[in-house]
Amino acid sequence: MWKLLKIELFKIFKRPRTYIAFGAIAAIVFLIQVALKFDGKSYVDLLMSNLSGSFEFSDEFKNKLLNGYLICFVILNTLLIQMPLLVALIAGDSIAGEANMGTLRLSLTKPVSRTQYMLVKFAASVVYTLALLIWMAALALFGSMLIFGTNDMVVLRSEGIEQMKDFDVLWRYVAAFGYAAVALTTVSALAFLLSVFAENSIGPIIATMSIVIVFTILSEMNIPIYDKTIKPYLFTSHMVAWKGFFYVKADAEGTTINGSIENLPAVLRSLGILVAYIVLFFSTAVWVFRKKDILT
Amino acid sequence: MGSIIRVDHLTKHFRDIKAVENLSFTVEEGQVYGFLGQNGAGKSTTIRMLLTLIQPTSGSIDIFGMDLQRHRKEILRQVGAIIERPDLYKYLTALENLRIFATMSGIKISGKKLMDQLAMVGLEQRAHSKVKTYSQGMKQRLGIATALVHDPKLIILDEPTNGLDPQGIADIRNLILMLSREKNKTLLISSHLLSEIELIADSMLIIDKGKKLVEGRVNDLFDPAETVVELKTTNDAAAFEKLSGSDFREFVQQRRNDCVLLKLHRNRIPEVLKELVRMEVNVISLHSKHSLEDYFLSLTTGQPHVEALKN
């Protein structure tokens, strides 16, 4: 199994197009970091404008605000919307790409069971997704920490602001990236499932993105009837729950409780739903593939 | 010699299309078994069922005395195959491709042995070139190397000479004969070209519309010396008339616009030529076609070769 996984990873990382995603992430992170390095104050003023009626912020506070932790939060907010496309590029190509190249039929004449083949293919997609996230973490979190330094972190919400001590932030990022890995694996599993039905990779990639876009729009829409009937069942509604790690509890005086998460059960429930989707998508893909006649 | 492949009442339907119908045949150990049929006759579907790429609608397949469905892995460990085109990873080198399929076949193989494998198909000089730079013939040879990399007992080649030039066809033919004679492999080779199969096969099966037409040893199925001759002269009408009135009248089959067709034993061709010279018929060309082709066409089109040529 390990040998087969090594083969899959070798094939993925030998293709130049694999590195497009890494390049795209590096470019976006770099552009955001440069912009905030040179004009961060305007950005903070813009962020604070909604709250300036209720609170008075000193310049010193604003300067403290613009640190590596906040920059990483901004980047995560921006990139985690685009990442599904990058993940679908590889997962959607997993089976359909092999069918298109004609290598699927040769591979399946080897003494490897179809279930094993699917497990290895999916595991390779997951490793690729993790590699992308680690790359993103290295640039967005550690890169920003180096460029902007660290300090207390402030997250703005519609209801107010969340403030965390600098020593209380890093573990939240570890948790958030871990959650993002599960969220992106859900997209990967969807693209992988669609890949089983197609004989070229464009179809599954476009179909995955269409589903993600439609579901995201539905998740974001403020239509009361959808709140209980549709939204809780859409995986996209749960993909953004990583932000929950940055919402903290406060004591009776309104002081932040270090190491706390405001609504951990909700975050864990969302995580469970995403895992259930992954299992559903992957097991369906295996079930279909085991029965499929290979005609390409 | 035991049987390596035993196919029993194999059937495959794709909804309303009957691709293979009640097909049974046996391939013995050490044989080169020709699997013949026109395009669309059901050869590739049958081969895909032998390799578990397609599930049969009904019937059974035993390979090496084991049921294919229940012992898939054990069987496929000893089988090497090319199905139609030898599609490989074009962005990888020949050596990388070979290593991938060797690993998938469950064997550990050294770099030297991989190079030996490439040398066997004449690709050692291009081992480190990406497959996208290969010609069709080179891809075909590399495909054969991937099929042989784990030293299988049974080799299944589906249309192995498709798209090759005459030299490429000859190379593949020689390789097949070497595998059979020197390495004692059992080979099942499909083709729609009878001329190709008759040069290498011990036994053959001809199918049409998914059904078996005939199976047997090549020498038992036809007289290899029987031949159909296409004779072109400066005046075909006169040649036809003169031959029809000569001692060779029984061999004259038909006069077409551009030639006269004769069917006779190969040994008698010189006598016919002498007679034509004696009758002052100017011969432009004489082209001999094997009677097996005639036999094949008569089976698969329902009319003899000479009849088919008339159309």
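Chain A has 12 helices and two strands. Helices here are DSSP runs of H or I with at least four residues, strands are E runs of at least two, and both are numbered from the N terminus. From the N terminus on, the order in chain A is α-α-α-α-α-α-α-β-β-α-α-α-α-α.

This is a predicted model, in which local features need pLDDT of at least 70 and side-chain atom pairs count only at pLDDT 80 or more, while totals for chains, interfaces and linings use all residues. Residues are numbered from 1 along each chain as its sequence is written, and chains are lettered from A and ligands numbered from 1 in the order in which they are written.

**Chain A overall**

The C-alpha atoms of chain A fill a box of roughly 70 × 40 × 30 Å along the principal axes. Its radius of gyration is 21 Å, which agrees with the value near 19 Å for a compact globule of 296 residues. That radius is taken over C-alpha atoms, and the globule rule is 2.2 Å times the number of residues to the power 0.38. Of the 296 residues in chain A, 39% are buried. Buried means 20 or more other C-beta atoms within 10 Å of the residue's own, exposed means 12 or fewer, and partly exposed lies in between, with C-beta atoms placed from the backbone. Among contacts in chain A between residues at least 6 apart in sequence, 75% join residues at least 24 apart. A contact requires C-beta atoms, placed from the backbone, within 7 Å.

**A helix pair in chain A**

H7(A), residues 114-148, packs against H8(A), residues 170-197, at about 145 degrees, with the axes 9 Å apart. Axes are lines fitted to C-alpha atoms, for helices over the stretch in contact, and angles run from 0 to 180 degrees between N-to-C directions. The crossing is right-handed: the near helix is turned clockwise from the far one by less than a right angle, whereas anticlockwise would be left-handed. H7(A) contributes residues including A:Phe122, A:Leu130 and A:Leu141. From H8(A) come, among them, A:Tyr173, A:Leu184 and A:Phe192. The contact residues divide into 12 nonpolar, four polar and no charged. Nonpolar covers Ala, Val, Leu, Ile, Met, Phe, Trp, Tyr, Cys and Pro; charged covers Asp, Glu, Lys and Arg; the others, Gly among them, are polar.

**The interface**

In chain B, 22 residues are in contact with 20 residues of chain A. On the chain B side, H2(B) (72-76) and H3(B) (94-104) each supply at least two residues. H3(B) gives the most, with four. This side divides into 13 nonpolar, four polar and five charged residues.

**Helix H4 of chain B**

H4(B) spans residues 111-120, and its residues B:Leu114, B:Gln117 and B:Leu118 are buried. They cover an arc of only 95 degrees around the axis, so they sit on the same side of H4(B). The arc is that of the directions from the helix axis to the C-beta atoms. Their cover includes H3(B) and H5(B) (136-148). B:Gly122 follows H4(B) with a positive phi near 75 degrees.

**Positive phi at two asparagines**

Most residues other than glycine have a negative phi. Two asparagines of chain B have a positive one.

| Residue | Phi | Location | Other C-beta atoms within 10 Å |
|---|---|---|---|
| B:Asn22 | about 55 degrees | strand E2(B), residues 17-28 | 14, partly exposed |
| B:Asn184 | about 55 degrees | loop between H6(B) (166-181) and E8(B) (186-191) | 10, exposed |

Technical notes
Two residues are in contact if their C-beta atoms, placed from the backbone, lie within 7 Å.
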